[in-house]
Amino acid sequence: MTVISVEKRIVDGADDAIAFADKDGFIRLWNAAAERMFHYTADEALGQSLDLIIPEKHRPRHWDGYRRVMKTGQTAYAGSLLAVPALRADGTLISVEFSVTLVHGETGDVEGIAAIMREVTERRAALRALQQELADLRERIGTSGEST
């Protein structure tokens, strides 16, 4: 019988997508929830660049920040909930909220970044629709108030 660590069982069973990329930006951990979210199996994702899930137009900014964090060992985003567009295997853009944590090795050097992600595409679309409806109502009220 194979003994599987508690940590691995937690990561594998999590409802949120969990991924780890090494300091060069290659995916080294990809849980089942990441498979469901991005439609790449672990076998397809492991060893691939994070470009796999980063929309092309966002890559330059992403990599500038990623390299800076790997060099300095500091990120302004630790403890923050970030929201970004992401890319599924079929090319579909989705909205993702995530938090990051730097992973340090035994010597204290940064080995990479772990991210815990949740898809929020529907929620963000509903929020945008409500914001548009509110803007439309404000415009109508403002317009009708001026005409009286």
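**Exercise 1. Order of elements**

In what order do the elements of the chain run from the N terminus on? Establish this order for the predicted model, and then decide how the chain relates to a compact globule.

*Solution.* Begin with the inventory: the chain holds five helices and five strands. Read from the N terminus, these elements follow the order α-β-β-α-α-α-β-β-β-α. Next, take the radius of gyration, which is 20 Å, whereas the globule rule gives 15 Å for 148 residues; the value is well over the rule, so the chain is more spread out than a compact globule. Then turn to the extents: along the principal axes, the C-alpha trace spans about 80 × 40 × 25 Å.

**Exercise 2. The hairpin of β1 and β2**

Describe how strands β1 and β2 are joined, and characterise the turn of their hairpin.

*Solution.* First locate the strands: β1 covers residues 17–22 and β2 covers residues 27–30. The two run antiparallel and are joined by three bridges. For the register, note that Ala-19 in the hairpin faces Trp-30 of β2. Finally, examine the turn: four residues lie between the strands, and Gly-25 there has a positive phi of about 85°.

**Exercise 3. Glu-97**

Is Glu-97 buried or exposed, and which residues does Glu-97 contact beyond its sequence neighbours?

*Solution.* Place the residue first: Glu-97 belongs to strand β4, residues 93–104. Its relative accessibility is 16%. Because the cut-off for burial is under 20%, Glu-97 counts as buried. With neighbours within four places in sequence left aside, the contacts of Glu-97 include Leu-81, Leu-82 and Ala-83. Also in contact with Glu-97 are Ile-116, Met-117, Arg-118, Val-120 and Arg-123.

**Exercise 4. Asp-16**

Locate Asp-16, list what it touches, and give its separation from Gly-73.

*Solution.* Asp-16 sits in the loop between α1 (6–13) and β1. Not counting residues up to four places away in sequence, Asp-16 touches Asn-31, Ala-33, Ile-116, Met-117 and Arg-118. Comparing the lists, Ile-116, Met-117 and Arg-118 appear for Glu-97 and for Asp-16. As for Gly-73, it lies 57 residues from Asp-16 in sequence and 25 Å from it in space, C-alpha to C-alpha.

**Exercise 5. Totals for the chain**

Summarise burial, contact range, surface and charge for the chain.

*Solution.* Of the 148 residues, 32% are buried. Among contacts between residues at least 6 apart in sequence, 42% join residues at least 24 apart. The exposed area is about 10100 Å², and carbon and sulfur atoms supply 54% of it. Lastly, the chain carries 18 positive and 23 negative charges, whose mean positions are 4 Å apart.

Conventions:
Residues numbered from 1 in each chain as written. Predicted model: local features only at pLDDT ≥ 70, side-chain atom pairs only at ≥ 80, totals over all residues. Heavy atoms only, no water. Pairing = 2+ DSSP bridges. Rg over C-alpha atoms; globule rule 2.2 N^0.38 Å. Buried < 20%, exposed > 50% of the residue type's maximum accessible area, 1.4 Å probe, protein only. Contact = heavy atoms within 4.5 Å. Areas by Shrake-Rupley, 256 points an atom, 1.4 Å probe, with all protein chains shown as cover. Lys, Arg positive; Asp, Glu negative; His and termini not counted. Charge placed at Lys NZ, Arg CZ, Asp CG, Glu CD.
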